[in-house]
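Trainee: Could you take me through one part of this fold in detail, starting at the edge of the sheet and working inwards? I'd like to see how the pieces fit together.

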Amino acid sequence: MRFNIKLLFFVSYSLILIGCKNNKLNESVIQVLNKEIALPQHSELYKDGEVVNLESLDTGYKIIILSNDAECSICDIVKLQDWYEKTLEIGAKCEVVFITNNNIDRHIKSVISSDRSNVYIMITDREILLDLSNKLQPFTVFLLDEKGKVVLTGNPLHNNKLWELYKNVINGNLDNIN
């Protein structure tokens, strides 16, 4: 119970740090928090250029990135190098799963064939991705706990305070919130 109170405080604190001033955005965050995200079962999952089973994902924390095809998928793919660098900071304590649709092109194929440490690439049907994206709008990046529930949302790539929150949750350092 103590952990749940700390987590609730932690999430509330994170909302303040993120600077969500828009009430609709605050409501969206509240609706997404603690929501379970089930990864698409009928998808191809790649790690280090090899197809792997969905069961190969660790049961610990995961950062899920949805690449909505309405957005720039190639831009998201370029950011995988940034995610790779982030995983070096947290080690094997968390895996990153980049989910995109099955309209793969040469850019995605080249990324799939490269070594990206704890970064997985999941390719699923366009409709499945759009359905998942629509349920979780307006967000595209989520930190899931070991049960697959959203603990934090927001893209920490260019927000150092948010990245510190992600790291504190992943490392279990809820007492070290600054």
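Mentor: Let's start with Val-52, which is partly exposed, with a relative accessible area of 22%. Why partly exposed and not buried? Because buried means under 20% and exposed over 50%, a residue at 22% falls in between. Please keep in mind throughout that this is a predicted model.

Val-52 belongs to strand S2, and S2 (50–52) is one of the two edge strands of the sheet, the other being S7 (150–153). An edge strand here pairs on one side only. Leaving out residues up to four places away in sequence, Val-52 touches Leu-45, Tyr-46, Lys-47 and Tyr-120. One of these, Tyr-120, is 68 residues away along the chain, yet its C-alpha atom is 9.3 Å from that of Val-52.

Now step inwards to Leu-45, which sits in strand S1. Leu-45 counts as buried because its relative accessibility is 2%, under the 20% cut-off. Apart from neighbours within four places in sequence, Leu-45 is in contact with a list of residues that includes Val-51, Val-52, Leu-57, Tyr-120, Ile-121 and Met-122. Ser-56 is also among the contacts of Leu-45; these two are 11 residues apart in sequence, with 9.4 Å between their C-alpha atoms.

Strand S1 (residues 44–47) runs antiparallel to S5 (residues 119–124), and 3 bridges join them. Within that pairing, Tyr-46 stands opposite Ile-121. As a reminder, strands of a sheet pair through backbone hydrogen bonds, either parallel or antiparallel.

With those two strands placed, the whole sheet is easier to read. It is an open sheet of 7 strands, with mixed pairing, in the order S2-S1-S5-S4-S3-S6-S7. From one strand to the next, the twist averages 30°.

Following that order, we reach S4. S4 and S5 pair in the parallel sense over 6 bridges, and Thr-100 stands opposite Ile-123 of S5. On its other side, S4 pairs with S3, also parallel and over 6 bridges; here Lys-62 has Glu-95 as its bridge partner. How well covered is S4? Of its 8 residues, 8 are buried. Cys-94, Val-96, Phe-98 and Thr-100 lie on one side and Glu-95, Val-97, Ile-99 and Asn-101 on the other, and both faces are covered. That fits the usual pattern, in which the side chains of a regular strand alternate between the two faces of the sheet.

Next comes S6, joined to S3 by 4 bridges in an antiparallel arrangement. Ile-65, for example, has Val-141 as its partner in S6. Val-141 and Leu-143 point one way from S6, Phe-142 and Leu-144 point the other way, and all of them are buried. S6 then pairs with S7, antiparallel, over 3 bridges, with Phe-142 partnered by Thr-153. S6 and S7 form a hairpin with 5 residues between them, and Gly-148 in the turn has a positive phi of about 85°.

What lies against the sheet? Helix H4 (residues 80–90) lies across S3 (61–66), S4 (94–101), S5 and S6 (141–144), running at about 135° to S5. Helix H7 (residues 160–171) packs on the sheet too, touching S3, S4, S6 and S7, and its direction makes about 160° with that of S7.

Gly-148 leads us to another feature, the second largest pocket, which holds about 230 Å³ of space. Of the 15 residues lining this pocket, Ile-37, Leu-39, Leu-57, Lys-62 and Gly-148 are the closest to its centre. We have met some of these before: Leu-57 among the contacts of Leu-45, and Lys-62 as a partner of Glu-95. The lining divides into 6 nonpolar, 3 polar and 6 charged residues.

Finally, step back to the whole chain. It has 7 helices and 7 strands, and 46% of its 178 residues are buried. Counting contacts between residues at least 6 apart in sequence, 73% join residues at least 24 apart. The contact between Val-52 and Tyr-120, residues 68 apart along the chain, is one such case.

Key. Residues numbered from 1 in each chain as written. Predicted model: local features only at pLDDT ≥ 70, side-chain atom pairs only at ≥ 80, totals over all residues. Heavy atoms only, no water. Pairing = 2+ DSSP bridges. Axes fitted to C-alpha atoms, helices over the stretch in contact; angles between N-to-C directions. Contact = heavy atoms within 4.5 Å. 1 Å grid on protein atoms, 1.4 Å probe; cavity = no way out; pocket = protein on both sides within 12 Å on 5 of 7 lines; lining within 4 Å. Points joined across faces, edges and corners; volume = space filled by probe spheres on them. Nonpolar A, V, L, I, M, F, W, Y, C, P; charged D, E, K, R; others polar. Buried < 20%, exposed > 50% of the residue type's maximum accessible area, 1.4 Å probe, protein only.
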